[in-house]
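Please go through the notes below with the model open beside them. They cover the copies, one sheet and the two DNA strands.

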Number of protein chains: 2
Amino acid sequence: MFHSDFPIFYLTVDVVLFAQRDGELAVLVVERGEEPYAGSWALPGGFVGDGEELVDAARRELVEETGIDGEGLALEQLRTFGAPDRDRRPHRVVSVAHLAVTRHAEAPTAGTDARAAVWLPVDEVAGRLAFDHDEILAHARERVASKIEYTQLAASFLPPEFTLAQLRGVYEAVWGHPIDPGNFQRKLRAAPDFLESTGASVKPAGGRGRPAEVFRACGRPFDRIGSPVLRSAM
Amino acid sequence: MFHSDFPIFYLTVDVVLFAQRDGELAVLVVERGEEPYAGSWALPGGFVGDGEELVDAARRELVEETGIDGEGLALEQLRTFGAPDRDRRPHRVVSVAHLAVTRHAEAPTAGTDARAAVWLPVDEVAGRLAFDHDEILAHARERVASKIEYTQLAASFLPPEFTLAQLRGVYEAVWGHPIDPGNFQRKLRAAPDFLESTGASVKPAGGRGRPAEVFRACGRPFDRIGSPVLRSAM
DNA sequence: GCAATAGTGTCTATTAGACATTATGGC
DNA sequence: GCCATAATGTCTAATAGACACTATTGC
């Protein structure tokens, strides 16, 4: 027996997609083309389809609204935002927010329902988003800062092969403070299940300097690593 | 403009309520009185009301189905489970799971839609729940084990005033392994923002032995503590 | 006295953090 | 040679873990 007199909901997904741009943590936002909040910045997202997995909906909306290919990017549920007054529209809209990280910070292309899609530094966009998206962004920011402590997620900001200097740059961008290069080297090289050497080495960024060893992440983005890389200890 | 041709959802909340019983981690489950899964164990939960906050719905369902008073218990969103086939019924039902901890492991009273409500050791109930509730329980178990590392949540398993032996018992029950009493003392006493002494002391459990100092938690359940109490380091 | 539990001391091995030093390239 | 970056070494302070020891109660 199924009661059909329970309240009905519309369900959306929103995606907080982070990347590293110019040494800063950047987030992908769209300019809304429709009411409510037309003209405001918002997180990409949209309605969950019939019979669609939540995480698949997040991936699809990302492609549709921004042209960013969701294949191969680290994507995980963040939390659900369901305050009764969070959407101005007549029906109640609950959103399952997702956290994602990409190495491809290429220019997005505005798609359906969006006038524009751009990467912006998180510090610039904080406090200026539609709906409760500022709150979602704040949660996502804290989550990613926390996740890179005990998973390999930081590597998802980089190409498959990278140097320790690049990886350190990710930690610095996410945490917002500099890290001692020497200690970072030792700590990450000692971590048992994070990095594996490719044997190759590349010239450093400026062209000058000793070539750096090239590494690969040896697991999946959200896999736990043996010894955490703690914020407090960097 | 609001499109009314988007899919509609039913939204439920489920609650994983943990307590400590006989030195073990116990979870509150109900025996379902209605189809689907009538007669099976399940987590307490139910449909979110019109205009109701998600966390309030979780609290309400807990009271309705088990008689457990939701006031004053640590309750937090866990994650949302929305696989298209997770409910056998015709409409899609998405559930926002919540994690809760209580010090009152008193006998629950079966309420609406439930034939019985009982506390069971988590090890006994794992693998025997309706819907995808085994998966939810597994997530909750991992979350609580993780939360007590860097918050004061462990104190929520105990009365407002407690001894370090009692608190150690909580960690042992949740993590499932014994902890050195001496080292635990030193570690927790040194933690800057977890405990405050009441000045009182009480006789130990068996009646025999040196009286133990009585403490209070000095913050809210999910507040971060300064120096984490790491599983790996206990 | 003994048993039991609370709490402290001690030693070792590991680790973070600061910072100096060496290594390897471009110019 | 100089400069820049990569990588290693060194020292100190803090901490986990094992375990011995002392303290305070009931019997």
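The numbered points start with conventions and then move from the protein to the DNA.

1. Conventions. This is a predicted model, in which local features need pLDDT of at least 70, side-chain atom pairs count only at pLDDT 80 or more, and totals for chains, interfaces and linings use all residues. Residues are numbered from 1 along each chain as its sequence is written, chains are lettered from A and ligands numbered from 1 in the order in which they are written, and side-chain values use heavy atoms, with hydrogens and water left out.

2. Symmetry. Chain A superposes on chain B by a rotation of 180° with 0.0 Å of shift along its axis, at RMSD 0.0 Å. That is the relation of a two-fold axis. In chain A, the C-alpha of Phe9(A) is nearest the axis, 2.5 Å from it. The fit is by least squares on the C-alpha atoms of residues with pLDDT of at least 70 in both copies.

3. Interface. The copies meet through the same surface, because 100% of the interface residues of chain A are also interface residues in chain B.

4. The sheet. Chain A has an open sheet of three strands in the order β8-β10-β9, with antiparallel pairing. β8 (161-163) and β9 (195-202) of chain A stand at the edges with a single partner strand each, so one side of each has no neighbour in the sheet. Neighbouring strands are turned by 40° against each other on average, direction ignored. Strands (E, at least two residues) and helices (H or I, at least four) are DSSP runs, numbered from the N terminus. Two strands pair if DSSP finds at least two bridges between them.

5. Pairing and packing. β8(A) pairs with β10 (residues 212-217) of chain A in the antiparallel sense, over three bridges. Phe162(A) has Phe215(A) in β10(A) as its bridge partner. Helix α4 (residues 164-175) of chain A packs on the sheet and touches β8, β9 and β10 of chain A; its direction makes about 85° with that of β8(A). Contact here means heavy atoms within 4.5 Å. Axes are lines fitted to C-alpha atoms, for helices over the stretch in contact, and angles run from 0 to 180 degrees between N-to-C directions.

6. Around DNA strand C. Which residues are closest? They are Asn183(A), Lys187(A), Ala233(A), Gln185(B) and Glu213(B), out of 24 that surround the strand. A residue is near if one of its heavy atoms lies within 4 Å. The surface near DNA strand C divides into seven nonpolar, seven polar and ten charged residues. Its largest share, four residues, comes from α5(B).

7. Polar contacts to DNA strand C. These are pairs of N or O atoms within 3.5 Å. An N or O atom in the side chain of Lys187(A) is 2.6 Å from a phosphate oxygen of DNA strand C. A polar backbone atom of Arg210(B) is 3.1 Å from a base oxygen of the strand.

8. Around DNA strand D. 25 residues surround this strand, and the closest include Gln185(A) and Arg186(A). Sugar or phosphate holds 67% of the strand's atoms within 4 Å of the protein, and bases hold the rest. α5(A) gives the most to the surface near DNA strand D, with four residues. A polar side-chain atom of Lys187(B) lies 2.6 Å from a phosphate oxygen of the strand. A backbone N or O atom of Pro211(A) lies 3.5 Å from a sugar or linking oxygen of DNA strand D.

Note on methods: Polar contact = N/O pair within 3.5 Å; in protein donor to acceptor, adjacent residues only side chain to side chain. Nonpolar A, V, L, I, M, F, W, Y, C, P; charged D, E, K, R; others polar.
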